[in-house]
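I opened this entry to look up two things. One is the protein surface around a DNA strand; the other is the pairing of aromatic rings.

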Protein chains: 2
Amino acid sequence: MAGRPVNHQRRAELLDAAVDYAVEHGFAELSWRPVACALGVSTTTLVHHFGTKEQMLEVILGRLRERTFAATSEAVGDQPDLAAAARAVWTRTSDPRQWAEFRLFFAVYGRALQAPRQFAEFLERVVADWMRSLVEAQGPDTDPAVATRTATLVIATIRGLLLDLLTTGDRDRVQDAAETFLATLEHKARPQRDARPR
Amino acid sequence: MAGRPVNHQRRAELLDAAVDYAVEHGFAELSWRPVACALGVSTTTLVHHFGTKEQMLEVILGRLRERTFAATSEAVGDQPDLAAAARAVWTRTSDPRQWAEFRLFFAVYGRALQAPRQFAEFLERVVADWMRSLVEAQGPDTDPAVATRTATLVIATIRGLLLDLLTTGDRDRVQDAAETFLATLEHKARPQRDARPR
DNA sequence: TAATTCCTTGTACGGTCGTTCTAGTAATAC
DNA sequence: GTATTACTAGAACGACCGTACAAGGAATTA
């Protein structure tokens with residue numbers, strides 16, 4: 001009364017390949033047939049492993065979030081203060097090798113604003129991840145209200161600059177603006193902790 | 001050898017109605033049939049007036065840009081300096097009555113990052129409009145390099161905050177962050193022009 | 001009035017979409 | 001070996017899409 005066991009690894013393989021395809025081709029061509037063709041399987045195989053297309057999109061977004069969070073978390077990591085954390089995040093996000101991933105990321109924003117539930121939830125979680133990292137980077141002795149407001153501003157600014165970077169590709173101009181912002185952040189942090197412990 | 005003259009006003013009516021529909025329903029349902037149904041005409045009528053669907057999208061974006069630019073331009077208008085201009089723009093963009101329009105605006109961003117030409121051009125023009133307004137707001141005696149970098153930062157920050165506002169709807173938190181940013185801007189401007197002429 | 005052009009409509013075509021059905025093969029448990 | 005189940009594939013269905021075609025009424029000029 002038992003048959004063949006489920007091969008979870010097979011599903012994971014297909015999922016990773018699907019995420020790569022989504023990052024490269026965006027949502028425009030994210031249909032069963034093109035994806036199946038690119039992955040070298042039939043549409044039925046994808047349906048078998050992911051169920052509905054909506055469900056496939058959900059797991060793709062989930063995995064994309066894992067990647068993004070891992071990248072941010074690693075960048076913020078053990079930075080001593082907010083200014084350093086912000087600079088680390090910006091350095092990582094402005095890396096052209098990450099652009100494809102962020103392009104998809106902003107494409108999700110576009111959809112979240114018009115097809116609420118599905119994408120909005122994804123974004124809430126991603127931003128929550130960012131917020132958590134950046135609030136923690138400000139140390140436990142910071143006023144929570146100040147920490148929240150500062151983290152919100154940092155995320156918004158980096159996101160806006162990144163959006164500019166992705167649409168215009170003008171690295172010099174955007175980098176200039178980013179430096180201005182980061183300098184402000186570092187200038188603010190200095191008087192508070194003049195000789196900070198290592 | 002002449003017949004009925006072209007009724008340009010009719011086309012303008014349909015276009016405005018189409019823009020309203022797009023602002024309200026987004027791109028998801030922006031197909032000939034739903035739009036035609038909402039406007040109370042047949043799809044063939046729309047095809048007759050706009051040609052291809054791509055062409056209709058182009059004129060819709062054009063009109064959306066006109067609206068956005070008019071709003072920004074009016075807000076910046078005769079503000080004395082950059083800080084005041086930025087505050088005016090933020091005040092206007094954070095008005096919930098403008099949200100639907102900005103939602104569509106960001107939806108265009110999402111598409112521009114994956115279906116380049118058509119939408120990217122729209123965004124370049126819109127941002128160029130913003131940049132021009134904000135560079136002018138800094139007065140003619142400002143170093144162009146500084147003016148560009150500052151305008152870039154202001155636009156990016158406002159855009160990022162607006163994106164946060166639209167996705168989370170948390171007005172208090174975002175407003176807090178915006179105030180922090182605007183205060184920095186105003187603080188910077190003060191020492192340069194302590195007693196400025198009215 | 002007659003001719004011409006605009007405006008509008010209904011219908012239909014080819015294409016892609018998500019999904020379902022049917023069926024065959026491979027791998028495990030009994 | 002046999003039964004059960006996972007995996008894969010191909011074909012087909014209904015729905016929606018953008019677009020083209022044929023045709024009729026309305027408005028203007030000659």
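I count helices as DSSP runs of H or I with at least four residues, numbered from the N terminus. By that count, F105(B) and Y109(B) both sit in helix α6 of chain B, residues 99-112. They are four residues apart, about one turn of the helix. I note that the model is predicted.

**Entry 1: DNA strand C**

I looked up which residues come nearest to DNA strand C. Of the 25 residues around the strand, these are K53(A), R10(B), T44(B), T45(B) and H49(B).

I then sorted the surface near DNA strand C by class. It has eleven polar, eight nonpolar and six charged residues.

Next I asked which part of the strand faces the protein. Of the atoms of DNA strand C within 4 Å of the protein, 65% belong to sugar or phosphate. The rest belong to bases.

I checked single polar contacts as well. A polar backbone atom of W32(A) is 3.1 Å from a phosphate oxygen of DNA strand C. R33(A) places a polar side-chain atom 2.8 Å from a base oxygen of the strand. For T44(B), a polar side-chain atom also lies 2.8 Å from a base oxygen of DNA strand C. Two elements give two or more residues to this surface: α2 (32-39) of chain A and α3 (43-50) of chain B. The largest share, four residues, comes from α3(B).

**Entry 2: aromatic pairs**

I searched the whole structure for ring pairs. How many aromatic pairs turn up over all chains? The search finds twelve.

I took F105(A) and Y109(A) as my example. Their ring centres are 5.6 Å apart, with 70 degrees between the planes. I call a pair edge-to-face when the planes are over 60 degrees apart, and this pair is edge-to-face.

Why are F105(A) and Y109(A) separated by about one helical turn? Because they are four residues apart in helix α6 of chain A, residues 99-112.

Are F105(A) and Y109(A) buried or exposed? F105(A) is buried, with a relative accessible area of 3%. Y109(A) is buried too, at 2%.

I repeated the look-up in chain B. The rings of F105(B) and Y109(B) have centres 5.6 Å apart and planes at 70 degrees, so this pair is edge-to-face. Both F105(B) and Y109(B) are buried.

Last, I followed the ring pairs outward from the chain A example. They link F102(A), F105(A), F106(A), Y109(A), F122(A) and W130(A) into a cluster.

Methods
Residues numbered from 1 in each chain as written. Chains lettered and ligands numbered in written order. Predicted model: local features only at pLDDT ≥ 70, side-chain atom pairs only at ≥ 80, totals over all residues. Heavy atoms only, no water. Near = heavy atom within 4 Å. Polar contact = N/O pair within 3.5 Å; in protein donor to acceptor, adjacent residues only side chain to side chain. Nonpolar A, V, L, I, M, F, W, Y, C, P; charged D, E, K, R; others polar. Phe/Tyr/Trp six-rings, centres within 6.5 Å; stacked < 30°, edge-to-face > 60°. Buried < 20%, exposed > 50% of the residue type's maximum accessible area, 1.4 Å probe, protein only.
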